[in-house]
Amino acid sequence: MNSDAVQATGSEGASSSNRWSPRSIHLLHALIAIAAVQLVYWLLVYPAIFSAGQRPHLIDVDDTGVATLIAPSTEALQAADFKPVDLPWSDCCEIGYRALRFSVTLDVVPEDGLAIIPIAGVDNLAIVVNGQMARQEGRMTLPDITYHGNLKSISYISPGLLHAGANRFAFIMVRDSVPYFDVNRPLVGRYAQTRALFEKRNYLLNEYQLQSYTIAFLLALLAAVLCVRSEQKAFAVWTLVLVLAWALRMHYFRWVDPPFSGDVRVFYYFSLTALMPAAWVNVADSWTGRPLRWLSEATMAVTMLSLGVMAYAMFAMPSGGFDLCASLSNTLGLLFGAATIARFVWHLLRVRDDRHWEAAIFLLCITLMAVEFIWQGLWDISTGHLQNSLPLLLTAFAVAFFARNVRLFRSMNEINALLNDRLQQRETELAQHYARQGALLRRETLVNERHRLMRDMHDGIGGQLMSLLHTSRLKPIPQTELSENLSNVVDELRLIIDSLDSVGNSIGTALASFRRRLEPTLTAAGIRLIWSNTLDDQVAHLGPREVLQVFRIVQEAVTNAIRHAHSATLRIAISSEATPTPLLHVVIADQGSGMDKHSSGGHGLKNMQARAESLGASLSTQSSPDGTEITLTLPLEKG
């Protein structure tokens with residue numbers, strides 16, 4: 001092969017590998033996981049654990065017949081008119097009592113007796129052998145009956161009730177709400193042999209169910225805790241609903257003596273059966289992390305509407321209510337099962353989610369639920385998948401829980417390092433956020449202050465200059481008056497410039513800047529500044545607006561003292577008070593002639609009082625012939 005051919009082959013290989021995008025590889029991994037879980041269940045788990053296999057050939061039963069009874073007693077059984085039937089047999093649509101009679105022929109009576117397994121869909125059942133009551137559990141007289149017919153067990157027939165030849169067996173059966181009597185051929189055999197043959201089936205129908213729903217209730221408790229503590233509350237809540245409905249539905253078949261009537265009991269069963277697939281949809285939706293809008297509301301609306309129809313059918317319709325409820329629950333199961341599978345598939349196609357095995361187990365549970373509803377809807381046969389798949393749900397939940405909480409199993413050092421990194425990251429984010437917020441607040445404060453100062457310059461400085469201009473046109477202005485007016489304009493400009501420079505600074509920085517600018521002015525005027533600042537930098541936090549207003553109050557108080565107090569000294573003291581609500585105190589005091597000789601010219605006490613009120617602060621003034629003291633008291637935010 002020449003070099004060109006080699007290069008062409010290499011290019012083709014490279015282009016072929018490039019066709020596998022990351023999303024395609026991700027989807028392939030998901031499909032492999034789903035296929036693997038399905039194959040393992042159907043080829044290994046189901047045949048080994050849940051499949052009962054073919055029923056072995058035991059002792060034949062013949063001469064089968066059925067009759068309607070007037071009471072659940074051996075007397076009524078003897079007086080009944082039996083009609084021959086072939087098994088399986090079904091009778092509809094009246095509740096009450098029925099009897100199945102059949103014969104078992106024995107060459108010799110087994111020393112260990114016989115075992116009999118009734119396969120009948122009834123509420124309760126008694127077994128009569130050769131006219132003697134061999135088994136009766138609970139109550140069978142309507143309307144106060146128990147539901148021991150749901151407990152599937154192997155009944156023991158004592159050798160003392162049997163004899164060689166034909167033995168007459170009978171089942172006395174009762175229904176109080178479900179209008180169907182469904183009876184298959186009973187299984188009869190020697191007790192020890194039959195017990196051994198059906199040991200696994202007996203375990204699955206009894207101990208396994210008990211263990212499953214007991215674990216399910218514990219899991220529901222765990223889900224309830226997660227509802228309070230977990231950040232993914234929707235997933236925890238819907239998981240709680242699903243597991244609780246599943247466990248209660250399993251418990252239903254073993255609840256032989258509920259405290260309510262048969263119609264209420266059947267409605268309770270259909271309610272749980274309808275709630276399960278609705279919960280599945282929402283579990284899948286919240287599991288994706290991208291819940292669809294209104295999906296939970298829509299599913300619950302459909303479920304509540306269906307339950308309303310079921311309630312009407314069970315309690316208001318004279319007949320046919322049970323069939324309508326069964327059809328509706330099967331329809332909901334298929335509808336919501338298909339929606340759940342579609343939601344999972346849609347998520348896996350659109351999002352690169354690495355939880356492949358978790359999704360595969362969830363999909364297997366949904367598949368088993370769908371198979372159960374299909375068989376129930378088409379052939380009115382329960383496959384047992386709905387009950388048996390509960391441990392798979394437990395496995396899926398455990399996978400989800402531990403995968404998302406695996407950090408609990410890390411070493412203490414790893415946890416501390418992880419928390420420290422996250423804390424530092426969060427502190428950095430918060431610092432950046434506060435810096436941005438502070439910059440925005442300073443910018444907003446500066447813009448607002450500029451607008452206010454433009455109004456002050458227009459009304460104050462502009463007004464004074466216009467007044468001087470107008471007066472000068474009418475008459476000559478004395479030099480002393482002109483100098484004083486221009487000095488007032490210059491002081492006002494200085495006040496504006498100083499306040500603009502201090503916008504956004506801390507209170508300490510703003511006042512320190514004010515002191516540096518103030519001292520030369522006071523020295524030139526022959527005034528000595530006595531400055532005291534005992535503020536603690538940790539004591540408080542003031543925003544730019546508050547700093548600016550405090551600064552302007554101090555400026556105006558000092559300016560008025562310079563102009564009008566004729567004092568040799570000016571004392572400014574800044575301090576804080578550690579009360580439950582920390583306080584800032586600013587005192588401006590002179591040793592001048594007192595307030596009654598002051599003239600603030602529109603920028604005096606009323607202006608300072610208005611600024612203090614805008615801060616929620618108080619401004620107090622004490623004046624005497626020996627001087628004036630102005631005190632600003634401002635509540636501080638706790639830092």
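1. A cavity here is a set of grid points where a 1.4 Å probe fits but cannot get out. The model is predicted. With that in mind, the second largest cavity holds about 40 Å³ of space. The search covered the whole structure and found 2 cavities of 30 Å³ or more.

2. Look next at what surrounds that second largest cavity. Its lining is made of Ile 117, Lys 152, Ser 153, Ile 154, Phe 198, Arg 201, Asn 202 and Leu 205. Helix H5, residues 199-205, gives the most to this lining, with 3 residues. By class, the lining has 4 nonpolar, 2 polar and 2 charged residues.

3. The largest cavity has a volume of about 110 Å³. Its lining includes Ile 117, Pro 118, Ala 120, Val 122 and Leu 125. Arg 135, His 148, Gly 149 and Leu 151 are also among the lining residues. Lys 152, Ser 153 and Arg 201 complete the list. The class split is 6 nonpolar, 3 polar and 3 charged.

4. Compare the two linings. Ile 117, Lys 152, Ser 153 and Arg 201 line the largest cavity, and these residues also line the second largest cavity. Phe 198 is listed for the second largest cavity, while His 148 is listed for the largest cavity.

5. Now the sheet. Three strands form an open sheet in the order S9-S5-S12, and the pairing is antiparallel. Strand S9 (155-157) and strand S12 (187-190) are the edge strands, each pairing on one side only. On average, neighbouring strands of this sheet are turned by 25° against each other, direction ignored.

6. What joins strand S5 to S9? Strand S5 covers residues 114-117, and 3 bridges join it to S9, the two running antiparallel. One place to check by eye is Ile 116, whose bridge partner in S9 is Ser 155. Ile 117, which falls within the 114-117 range of strand S5, is also a lining residue of the largest cavity and of the second largest cavity.

7. Last, a helix pair. Helix H2 spans residues 22-50 and helix H10 spans residues 321-350. Their axes come within 9 Å and cross at roughly 145°. On the H2 side, the contact uses Arg 23, His 26, Leu 27, Ala 30 and Ile 34. On the H10 side, Leu 348, Leu 349 and Arg 350 meet them. By class, this contact has 5 nonpolar, 1 polar and 2 charged residues.

Methods. Residues are numbered from 1 along each chain as its sequence is written. This is a predicted model: local features need pLDDT of at least 70, side-chain atom pairs count only at pLDDT 80 or more; totals for chains, interfaces and linings use all residues. Side-chain values use heavy atoms; hydrogens and water are left out. Two strands pair if DSSP finds at least two bridges between them. Helices (H or I, at least four residues) and strands (E, at least two) are DSSP runs, numbered from the N terminus. Axes are lines fitted to C-alpha atoms, for helices over the stretch in contact, and angles run from 0 to 180 degrees between N-to-C directions. Contact means heavy atoms within 4.5 Å. Ala, Val, Leu, Ile, Met, Phe, Trp, Tyr, Cys and Pro count as nonpolar, Asp, Glu, Lys and Arg as charged, and the others, Gly among them, as polar. On a 1 Å grid over the protein atoms alone, a cavity is a set of points where a 1.4 Å probe fits but cannot get out, and a pocket is an open set with protein on both sides within 12 Å along at least five of seven lines; lining residues have an atom within 4 Å of a point. Grid points are joined across faces, edges and corners, and a volume is the space filled by probe spheres set on the points.
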